[in-house]
Amino acid sequence: MIVRALSLLFVLAVCAQGAAQTSIFTVKATGDIGDPVFAPRGDRIAADVGPDRICVWSALDGTLLQTIELPDRPAAKIFNAAGDELLVSLRNGTIQVRALSTGAMLREIGAEAGQRTLALSRDGRLLATAARERVTLWDSSGTMVRRFAHDFGDVVNLAFSPDGATLASAGLDANVHLWDVATGRRKATVPDQLLATFALRFTADGKSLLIGGVAGAIEVVEVATATIARRLPAQKYAVFAIEVSPDGESIGAAYFNIDGMTQPAPVTLSQLDSGRLIRRTNPGVPYAIGFAPDGQLRYALMKGPELTVGVATPRATRRGGS
Amino acid sequence: MSRVPLTRRDLLERSAVFGALAALPALDIPAISAFWEQADALKPTPPNALGPFYKKRAPEARMLRMKADRGMPLAVTGRIIDTRGEAVRNATVEIWHADHGGHYDIAGYRFRAKLPLDADARYHFDTVMPGHYPDRVCQHVHYLATAPGHKPLITQLYFATDPVFEGDPDKNFTKDPLIQSRELIRPVRIAGDPKEMYAAVSFELCLERL
């Protein structure tokens, strides 16, 4: 009897996990979709469409909000904190700031080619960009302020602390550095990192930095001492994105399959304090995640011209178009 | 790695310099010396992507192959030189690659090593022919070479016998979008006796001076 009850519970648990992966909309664009990114508030999503166009949709229902034509191929893009501007670095090195209400260009910065990583401070006053191992810091007028560098290999992620005083950088040289933005001095290097880190996310109070990469575990770094305070249970996948929920209590993470990055990999939701895994979904190959204003963790999948946004709880599916 | 080719134009220009040297003793000799030095320089080994699976603190080792390992035994030899052809004895060379099945060892250090160099900056290591990593077109071995006073070199070694090249790497090397230079595809020689055959490859690394 007990065995049957346990078996039933197991089956229910498995079914619940399967049911938890639900797409809320799919949009079909006019060209192949690439490199989707959510806005910090999780209410918008931008993706490359074809070689030189970016489309921005509502991440809540798939409504097309803006189409931005570009003079060159985009290399990277990010939203500002309010989600009303999009910063796009082009392959030729130009960085354009576009207004999402009109698509118009607000500012342009001339950088060297190949700025493939971007980060913006919360107040929008500082922009960090990275091309290969070099990181450049720009002020809001587009003037270069500082330059940092990793030892070798590409810098793959950058993140400003909430107060804008510290910049974290992660590189394929398997280093995570913390830089003093005011002086350009390297304040610390997170110790004992043997494999590359891809995901960096400061907590809202700026006291912790969440990192994750090929090792598969999300680590909580105490910023003041640059030491690892806690390590969440590792998955057998590489972490490539980490997001913190609006209430600061949960961590969303997206993974890629180490034995083939185009193979399916999970999205997880964990409790920040305890590290307890709340939910793990297997949506396919996730390319981006973001917390929506309602606190739900959303993920983006792409296949050819289709962009699908999914959520961990069941919702009605609808179709839209660009 | 190869020497900068001497073109017909180079020859004509050099001949002109010799003529001018005889006729005009006030010429800028250091500039001419610099020209000759540059003309004789070796081309640095082309760089190639580092990839996401570099792991720090690889153990020093030459023998990476274990008895139970599947895959064609592979012996790779080479030398670390600078653009003047001089041995870079204080270089550090790290290599890593996928196993026969195309899997990288993340938890440990299988098929990862820091290579010892001899007094002439030569290296060798024994391993197995890497498999095809699912998201890459070609078999490859990653290299990271660093030395004081030189630019770090991140590159990859490819094999002319890779089925992807269909026997013609000159024509087909662009099938892997990451291969920007034909030079990184090295000939593979079958060596050893019939009972213990292995693939032998030579790959010299030429570092650029700072």
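I began by fixing a term: a residue counts as exposed when its relative accessible area is over 50%, as buried when that area is under 20%, and as partly exposed in between. The model under study is predicted.

**Entry 1. Salt bridges in chain B**

I first applied the exposure classes to the pair B:Glu166 and B:Lys175, whose side chains meet in a salt bridge with an N to O distance of 2.7 Å. B:Glu166 has a relative accessible area of 58% and is therefore exposed. B:Lys175, at 37%, is partly exposed.

I then asked how many salt bridges there are over all chains. The count is 21. I noted one network in chain A, where bridges with shared partners join A:Glu112, A:Glu133, A:Arg134 and A:Arg147.

Back in chain B, I looked up B:Asp82, which forms a salt bridge with B:Arg209 at 3.5 Å, N to O. The two residues are 127 apart and link distant parts of the chain: B:Asp82 belongs to strand β1 (residues 73-82), and B:Arg209 to the segment after β10 (205-207). I checked whether B:Asp82 is buried or exposed. Its relative accessibility is 4%, so B:Asp82 counts as buried. Its partner B:Arg209 is partly exposed at 37%.

I also recorded the bridge between B:Glu86 and B:Arg84, at 3.4 Å from N to O. Here B:Glu86 is partly exposed at 42%, and B:Arg84 is partly exposed at 43%.

**Entry 2. Aromatic rings**

I found 10 aromatic pairs over all chains. One of them is formed by A:Phe198 and A:Phe256, with 5.6 Å between the centres and 50° between the planes, and is classed as tilted. This pair also links distant parts of its chain, since A:Phe198 is in strand β18 (residues 197-202) of chain A and A:Phe256 is in strand β23 (residues 250-256), 58 residues apart. A:Phe198 is buried, with a relative accessible area of 12%. A:Phe256 is buried as well, at 10%.

In chain B, I noted that B:Tyr123, B:Phe125, B:Tyr143 and B:Phe203 form one aromatic cluster. I also looked for charges over rings. B:Lys55 lies over the face of B:Tyr109, 4.3 Å from the ring centre. B:Arg110 lies over the face of B:Phe111, at 4.4 Å from the ring centre.

**Entry 3. Nonpolar cores**

In soluble globular proteins, nonpolar side chains tend to be buried together. I therefore asked which residues have the most contacts inside the largest nonpolar core. They are B:Ile80, B:Val93, B:Tyr123, B:Phe125 and B:Tyr143, in a core of 40 residues. The elements of chain B that give two or more residues to this core include β1, β2 (92-96), β4 (122-128) and β10. The most comes from β6(B), which gives 4 residues.

I followed B:Ile80 further. Outside its neighbours within four places in sequence, B:Ile80 is in contact with several residues, among them B:Val93, B:Tyr123, B:Leu205 and B:Leu207. Its contacts also include B:Glu86, the residue that is bridged to B:Arg84. Apart from the largest core lies another, of 20 residues, whose members include A:Ala174, A:Ala238, A:Phe256 and B:Ile154. I recognised A:Phe256 from the tilted pair with A:Phe198.

**Entry 4. The contact between chains B and A**

I looked up how the two chains meet. The contact takes 17 residues from chain B and 21 residues from chain A. The area buried between them is about 1600 Å², and carbon and sulfur atoms give 65% of that area. I asked how many salt bridges the count gives between chain B and chain A. There is 1. I noted a bridge between the side chains of A:Asp192 and B:Arg57, at 4.0 Å from N to O.

**Entry 5. A:Ser208**

Finally I examined A:Ser208, which is placed in strand β19 (residues 208-213) of chain A. A:Ser208 has a relative accessible area of 17%, so it is buried. Leaving aside neighbours within four places in sequence, A:Ser208 is in contact with A:Arg201, A:Phe202, A:Thr203, A:Val220, A:Val221 and A:Val223. I also took the separation of its C-alpha atom from that of A:Ala99, 109 residues apart along the chain, which is 32 Å.

Methods:
Residues are numbered from 1 along each chain as its sequence is written. Chains are lettered from A and ligands numbered from 1 in the order in which they are written. This is a predicted model: local features need pLDDT of at least 70, side-chain atom pairs count only at pLDDT 80 or more; totals for chains, interfaces and linings use all residues. Side-chain values use heavy atoms; hydrogens and water are left out. Buried means under 20% relative accessible area, exposed over 50%, partly exposed in between (1.4 Å probe, protein chains only). Rings of Phe, Tyr and Trp (its six-membered ring) pair if their centres lie within 6.5 Å; planes under 30 degrees apart count as stacked, over 60 as edge-to-face and the rest as tilted. A charge sits over a ring if NZ of Lys or CZ of Arg is within 6 Å of the ring centre and within 35 degrees of the ring normal. A nonpolar core is a set of buried Ala, Val, Leu, Ile, Met, Phe, Trp, Tyr and Cys residues joined through side-chain atoms within 4.5 Å. Contact means heavy atoms within 4.5 Å. Buried area is the accessible area (1.4 Å probe) that two parts lose on being put together, summed over both.
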